[in-house]
Amino acid sequence: VFRADARVDERFELYAVPSDGGAARVRPNPLLMSDRDVQDFAITSDSARVVFLSNARLFEQFELYSVPIDGHLPAIELDPELLGTKHVLRFELSPDGARVVFVANTGGQRLYSVPCDGGATPLELNGQLVPGGNVSEREGAFRISPDSRRVVYLADQDTDEQFEVYSVPAAG
(Lines give C-alpha, C1' and ligand atoms only; values in the text may rest on other atoms or scores of the structure.)
Protein backbone atom coordinates (compact mmCIF):
# COMPACT_ATOMS: atom_id res chain seq x y z
CA VAL A 1 0.00 0.00 0.00
CA PHE A 2 1.34 3.42 -0.90
CA ARG A 3 0.30 7.05 -1.40
CA ALA A 4 0.88 8.60 -4.80
CA ASP A 5 -0.30 11.46 -6.98
CA ALA A 6 -0.44 9.08 -9.96
CA ARG A 7 -3.67 10.37 -11.54
CA VAL A 8 -3.59 14.09 -10.67
CA ASP A 9 -0.53 16.09 -9.64
CA GLU A 10 -0.55 16.91 -5.89
CA ARG A 11 -3.71 14.84 -5.19
CA PHE A 12 -2.41 11.93 -3.12
CA GLU A 13 -4.49 8.78 -3.16
CA LEU A 14 -3.97 5.26 -1.83
CA TYR A 15 -2.94 2.37 -4.04
CA ALA A 16 -2.52 -1.31 -3.23
CA VAL A 17 -0.59 -3.90 -5.19
CA PRO A 18 0.32 -7.48 -4.22
CA SER A 19 3.91 -7.79 -3.02
CA ASP A 20 4.53 -10.43 -5.70
CA GLY A 21 3.55 -7.85 -8.35
CA GLY A 22 0.90 -10.17 -9.79
CA ALA A 23 -2.12 -7.90 -10.22
CA ALA A 24 -2.73 -4.35 -11.33
CA ARG A 25 -2.83 -1.76 -8.59
CA VAL A 26 -6.13 -1.07 -6.85
CA ARG A 27 -7.20 2.37 -5.62
CA PRO A 28 -8.96 1.56 -2.31
CA ASN A 29 -9.85 5.13 -1.29
CA PRO A 30 -13.02 6.90 -2.50
CA LEU A 31 -12.76 9.00 -5.66
CA LEU A 32 -11.35 12.29 -4.43
CA MET A 33 -12.14 15.77 -5.68
CA SER A 34 -9.22 17.87 -6.89
CA ASP A 35 -8.64 19.65 -3.58
CA ARG A 36 -8.84 16.47 -1.43
CA ASP A 37 -6.12 14.12 -0.26
CA VAL A 38 -5.18 11.00 1.68
CA GLN A 39 -2.89 12.24 4.42
CA ASP A 40 -1.86 9.09 6.30
CA PHE A 41 -2.62 5.36 6.40
CA ALA A 42 -1.93 2.17 8.36
CA ILE A 43 -2.43 -1.51 7.58
CA THR A 44 -4.08 -3.81 10.13
CA SER A 45 -1.87 -6.53 11.61
CA ASP A 46 -3.68 -9.23 9.59
CA SER A 47 -3.15 -7.20 6.36
CA ALA A 48 -6.90 -7.35 5.65
CA ARG A 49 -7.73 -3.64 5.92
CA VAL A 50 -6.23 -0.22 5.37
CA VAL A 51 -7.25 2.60 7.69
CA PHE A 52 -6.59 6.06 6.33
CA LEU A 53 -7.04 9.74 7.07
CA SER A 54 -8.61 11.84 4.31
CA ASN A 55 -10.47 15.08 3.78
CA ALA A 56 -12.68 13.36 1.18
CA ARG A 57 -15.88 15.03 2.46
CA LEU A 58 -14.88 18.36 3.96
CA PHE A 59 -11.89 20.31 2.70
CA GLU A 60 -10.30 21.25 6.02
CA GLN A 61 -11.46 18.34 8.18
CA PHE A 62 -9.76 14.96 8.05
CA GLU A 63 -11.85 11.89 8.79
CA LEU A 64 -10.95 8.23 9.31
CA TYR A 65 -11.84 5.63 6.70
CA SER A 66 -11.36 1.87 6.49
CA VAL A 67 -11.33 -0.33 3.41
CA PRO A 68 -10.42 -3.93 2.60
CA ILE A 69 -6.85 -3.89 1.30
CA ASP A 70 -7.89 -5.49 -2.00
CA GLY A 71 -10.50 -2.78 -2.61
CA HIS A 72 -13.35 -5.28 -3.17
CA LEU A 73 -15.67 -3.16 -1.01
CA PRO A 74 -15.94 0.64 -0.83
CA ALA A 75 -14.25 2.58 1.94
CA ILE A 76 -16.39 3.32 5.00
CA GLU A 77 -16.09 6.32 7.27
CA LEU A 78 -15.30 5.20 10.83
CA ASP A 79 -16.64 8.29 12.58
CA PRO A 80 -19.63 9.55 10.53
CA GLU A 81 -21.75 10.77 13.45
CA LEU A 82 -19.01 13.28 14.28
CA LEU A 83 -19.11 14.69 10.71
CA GLY A 84 -18.76 18.43 10.60
CA THR A 85 -17.89 18.62 14.29
CA LYS A 86 -14.44 17.05 14.28
CA HIS A 87 -11.01 16.94 12.76
CA VAL A 88 -8.97 13.77 13.36
CA LEU A 89 -5.49 14.76 14.49
CA ARG A 90 -3.77 11.40 15.07
CA PHE A 91 -4.68 7.71 15.00
CA GLU A 92 -3.15 4.36 15.87
CA LEU A 93 -4.23 0.77 15.18
CA SER A 94 -4.41 -1.74 17.99
CA PRO A 95 -1.76 -4.51 17.79
CA ASP A 96 -4.49 -7.12 17.17
CA GLY A 97 -5.86 -5.04 14.25
CA ALA A 98 -9.36 -4.88 15.69
CA ARG A 99 -9.60 -1.21 16.76
CA VAL A 100 -8.53 2.28 15.79
CA VAL A 101 -7.82 4.74 18.59
CA PHE A 102 -7.77 8.39 17.58
CA VAL A 103 -7.62 11.94 18.89
CA ALA A 104 -10.13 14.29 17.29
CA ASN A 105 -10.85 17.95 17.81
CA THR A 106 -14.57 18.00 18.59
CA GLY A 107 -14.65 21.40 20.24
CA GLY A 108 -11.68 20.21 22.29
CA GLN A 109 -9.32 17.31 21.81
CA ARG A 110 -10.93 13.99 22.78
CA LEU A 111 -9.82 10.35 22.58
CA TYR A 112 -11.99 7.82 20.73
CA SER A 113 -11.94 4.12 19.86
CA VAL A 114 -13.81 2.34 17.06
CA PRO A 115 -13.62 -1.12 15.44
CA CYS A 116 -11.45 -1.13 12.27
CA ASP A 117 -14.31 -2.60 10.26
CA GLY A 118 -16.69 0.18 11.31
CA GLY A 119 -19.03 -2.19 13.12
CA ALA A 120 -19.90 0.24 15.93
CA THR A 121 -20.13 3.88 16.95
CA PRO A 122 -16.87 5.46 18.14
CA LEU A 123 -16.57 5.53 21.93
CA GLU A 124 -15.12 8.50 23.76
CA LEU A 125 -12.44 7.01 26.01
CA ASN A 126 -11.26 9.98 28.04
CA GLY A 127 -13.00 10.86 31.27
CA GLN A 128 -14.79 14.13 31.94
CA LEU A 129 -12.44 16.99 31.03
CA VAL A 130 -12.21 20.22 33.01
CA PRO A 131 -13.05 23.41 31.10
CA GLY A 132 -10.10 24.01 28.79
CA GLY A 133 -8.88 20.42 29.26
CA ASN A 134 -7.75 18.33 26.29
CA VAL A 135 -6.26 14.99 25.39
CA SER A 136 -2.78 15.61 24.02
CA GLU A 137 -2.41 14.94 20.29
CA ARG A 138 1.39 15.02 20.35
CA GLU A 139 3.11 12.00 18.90
CA GLY A 140 3.45 9.36 21.61
CA ALA A 141 0.78 10.99 23.81
CA PHE A 142 -1.37 7.86 23.64
CA ARG A 143 -0.45 4.20 23.29
CA ILE A 144 -2.35 0.95 23.01
CA SER A 145 -1.15 -1.92 25.19
CA PRO A 146 0.52 -4.90 23.44
CA ASP A 147 -2.53 -7.08 24.23
CA SER A 148 -4.83 -4.40 22.68
CA ARG A 149 -6.95 -4.22 25.83
CA ARG A 150 -5.99 -0.79 27.23
CA VAL A 151 -5.11 2.70 26.08
CA VAL A 152 -2.77 4.93 28.04
CA TYR A 153 -3.07 8.65 27.27
CA LEU A 154 -1.86 12.07 28.37
CA ALA A 155 -4.42 14.77 29.20
CA ASP A 156 -5.06 17.81 31.35
CA GLN A 157 -8.28 16.09 32.37
CA ASP A 158 -8.54 17.05 36.04
CA THR A 159 -6.66 20.38 36.14
CA ASP A 160 -6.26 22.64 33.11
CA GLU A 161 -2.62 22.82 31.91
CA GLN A 162 -1.53 20.01 34.29
CA PHE A 163 -1.04 16.93 32.10
CA GLU A 164 -1.24 13.50 33.69
CA VAL A 165 -1.27 9.91 32.44
CA TYR A 166 -4.52 7.92 32.38
CA SER A 167 -5.40 4.34 31.44
CA VAL A 168 -8.74 3.11 30.09
CA PRO A 169 -10.11 -0.04 28.42
CA ALA A 170 -9.70 0.23 24.61
CA ALA A 171 -13.27 -0.95 24.01
CA GLY A 172 -14.75 1.64 26.38
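**Exercise 1. The surroundings of Arg99**

Which backbone oxygen does the side chain of Arg99 reach? Work it out in this predicted model, then describe the rest of the residue's environment.

*Solution.*

Step 1. Locate the residue. Arg99 lies in strand E8, residues 99-105.

Step 2. Follow the side chain to the backbone. It reaches the oxygen of Ala170, at 3.2 Å.

Step 3. Look for a side-chain partner. Arg99 and Ser113 are joined by a polar contact between their side chains, at 2.6 Å.

Step 4. Test for a salt bridge. Asp117 is the nearest side chain of opposite charge, at 7.7 Å. The cut-off is 4 Å. Arg99 is therefore without a salt bridge, although it is buried.

Step 5. List the neighbours, leaving out residues up to four places away in sequence. Arg99 touches Ser113 and Ala170, and its other contacts include Glu92, Leu93, Val114, Leu123 and Ala171.

**Exercise 2. The sheet that holds E8**

Give the strand order of the open sheet of 4 strands, and find its edges.

*Solution.*

Step 1. Write the order. The sheet runs E7-E8-E9-E10, with antiparallel pairing.

Step 2. Find the edges. E7 (87-93) and E10 (123-124) each have a single partner strand, so one side of each has no neighbour in the sheet.

Step 3. Count the bridges between E8 and E9. There are 7, and the two strands run antiparallel; E9 spans residues 109-115.

Step 4. Pick out a pair. Phe102 has Tyr112 in E9 as its bridge partner.

**Exercise 3. The sheet of 3 strands**

Describe the open sheet that contains E11, E12 and E13: order, edges, twist and bridges.

*Solution.*

Step 1. Set the order. It is E11-E12-E13, and the pairing is antiparallel.

Step 2. Name the edges. They are E11 (142-144) and E13, each of which pairs on one side only.

Step 3. Add the twist. From one strand to the next it averages 35°.

Step 4. Take E11 and E12. Their antiparallel pairing has 3 bridges. Arg143 has Val152 in E12 as its bridge partner.

Step 5. Take E12 (residues 150-159) and E13 (residues 162-169). Here 7 bridges join the antiparallel strands. Arg150 is opposite Pro169 in E13.

**Exercise 4. The turn of the hairpin**

In the hairpin of E12 and E13, which residue takes a positive phi?

*Solution.*

Step 1. Find the connection. The hairpin has 2 residues between the strands.

Step 2. Check the backbone angle. Glu161 takes the positive phi, near 70°.

How values were computed: Residues numbered from 1 in each chain as written. Predicted model: local features only at pLDDT ≥ 70, side-chain atom pairs only at ≥ 80, totals over all residues. Heavy atoms only, no water. Pairing = 2+ DSSP bridges. Axes fitted to C-alpha atoms, helices over the stretch in contact; angles between N-to-C directions. Buried < 20%, exposed > 50% of the residue type's maximum accessible area, 1.4 Å probe, protein only. Lys, Arg positive; Asp, Glu negative; His and termini not counted. Polar contact = N/O pair within 3.5 Å; in protein donor to acceptor, adjacent residues only side chain to side chain. Contact = heavy atoms within 4.5 Å.
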